[in-house]
Amino acid sequence: MVVAEFRDHIYPGLVSTGKVERGGDKPYHTVINGENYHALEALTYNHRGNIDVIYIDPPYNTGAKDWKYNNDYVEGDDLYRHSKWLAMMERRLLIAKELLNPADSVLIVTIDEKEYLRLGLLLEQLFPEAGMQMVTSVIAPQGIARGGLFKRSEEYIFCVFFGHASVSPLPLGA
């Protein structure tokens, strides 16, 4: 048992939950399953400036409570709901910036229509040197009902490109 005194720094540890192998002598990709702030912060000790890709799937700030994680980051009647969500995201994105290889890397962040405008502005503010593109991804072709609103079938994917990173077409039929 470890006891921490008030104001002592507590450093989280990471436990491997698996890896994705590509075969042969090709590098493998480590799977980290955890709260993204703590996982990103722990990685700064050994991987600062060496990460090729970071994918963040944050709480969408919709108020849904039926997800594996709490999607209701801030109470619905809080006047500062969006600014609190942005502050939460900014802390994670600043750590991601420390981790990413400035010469050739990509940050990918998914979001729905609730916060995509604010997230886009935050990404532009934090990464003015990077190229950025937003694309859509169909998540439910039939659409998801939204109580008296149009059905939602897509979500948004922000890709932030650093250095020489770019999109490369995949060969079809390979």
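Is tyrosine 116 buried, partly exposed or exposed? I looked this up first and found 23% relative accessibility, so tyrosine 116 counts as partly exposed. I note at the outset that the model is predicted.

**Entry 1: aromatic pairs**

I searched the whole structure for aromatic pairs, and the search returned 2. Tyrosine 116 and tyrosine 156 form a stacked pair, with 4.4 Å from centre to centre and 20° between the planes. I placed tyrosine 116 in helix 3 and tyrosine 156 in strand 6, so this pair ties together parts that are 40 residues apart in sequence. Tyrosine 156 has a relative accessibility of 18% and counts as buried, whereas tyrosine 116, at 23%, is partly exposed. The cut-off matters here, because buried means under 20% relative accessible area.

I then turned to phenylalanine 127 and phenylalanine 162. Their ring centres are 5.4 Å apart and their planes stand at 85°, so I recorded the pair as edge-to-face. This pair also links distant parts of the chain: phenylalanine 127 is in the loop between helix 3 and strand 5, and phenylalanine 162 is in strand 6, 35 residues apart. Phenylalanine 127 is buried at 2% relative accessibility, and phenylalanine 162 is buried at 6%.

**Entry 2: methionine 134**

I looked up methionine 134 next, as both tyrosines of the stacked pair are among its contacts. Methionine 134 lies in strand 5 and is partly exposed, with 34% relative accessibility. Leaving out residues up to four places away in sequence, I listed Tyr116, Tyr156, Ile157 and Phe158 as the residues that methionine 134 touches. I also checked the separation of its C-alpha atom from that of isoleucine 108, which is 26 residues away along the chain, and obtained 9.6 Å.

**Entry 3: salt bridges**

How many salt bridges does the structure hold? I counted 3.

The side chains of arginine 48 and glutamate 98 meet in one of them, at 2.0 Å from N to O. Arginine 48 lies in the loop between helix 1 (36–47) and strand 3 (53–56), and glutamate 98 lies in helix 2 (residues 81–99), so the pair ties together parts that are 50 residues apart in sequence. Both partners are partly exposed: arginine 48 at 47% relative accessibility and glutamate 98 at 36%.

Glutamate 113 and arginine 152 form another salt bridge through their side chains, at 3.7 Å from N to O. I located glutamate 113 in the loop between strand 4 (104–111) and helix 3 (116–126), and arginine 152 in the loop between strand 5 (131–138) and strand 6 (154–163), so this bridge ties together parts that are 39 residues apart in sequence. Glutamate 113 is partly exposed at 34% relative accessible area, while arginine 152 is buried at 12%.

A further salt bridge joins the side chains of arginine 118 and glutamate 115, at 3.5 Å from N to O. Here arginine 118 is partly exposed at 32% relative accessibility, but glutamate 115 is buried at 0%.

**Entry 4: helix 2**

I checked the span of helix 2. Its 19 residues reach 28 Å from the first C-alpha to the last, close to the 27 Å expected at 1.5 Å a residue. I then listed its buried residues: Arg81, Trp85, Met88, Met89, Arg92, Leu93, Ile95, Ala96 and Leu99. Viewed down the helix axis, these fall within an arc of 160°, so they line one face of helix 2. They pack against helix 1, strand 3, strand 4 and helix 3.

**Entry 5: nonpolar cores**

Which residues touch the most other members of the largest nonpolar core? Of its 26 residues, I noted Ile54, Met89, Leu93, Leu107, Leu119, Leu123 and Phe127 in this role. Helix 1, strand 3, helix 2, strand 4, helix 3 and strand 6 each supply at least two residues of this core. Helix 2 gives its largest share, 7 residues.

I returned to phenylalanine 127 for its contacts. Not counting residues up to four places away in sequence, phenylalanine 127 touches Leu93, Lys97, Leu107, Val160 and Phe162.

I also recorded a second, separate core of 5 residues, including Val106, Cys159, Phe161 and Ala165.

Methods:
Residues numbered from 1 in each chain as written. Predicted model: local features only at pLDDT ≥ 70, side-chain atom pairs only at ≥ 80, totals over all residues. Heavy atoms only, no water. Salt bridge = Lys/Arg side-chain N within 4 Å of Asp/Glu carboxyl O. Helix = DSSP H or I, 4+ residues; strand = E, 2+ residues; numbered from the N terminus. Buried < 20%, exposed > 50% of the residue type's maximum accessible area, 1.4 Å probe, protein only. Phe/Tyr/Trp six-rings, centres within 6.5 Å; stacked < 30°, edge-to-face > 60°. Expected span 1.5 Å × (residues − 1). Arc of directions from axis to C-beta. Contact = heavy atoms within 4.5 Å. Core = buried A, V, L, I, M, F, W, Y, C linked by side-chain atoms within 4.5 Å.
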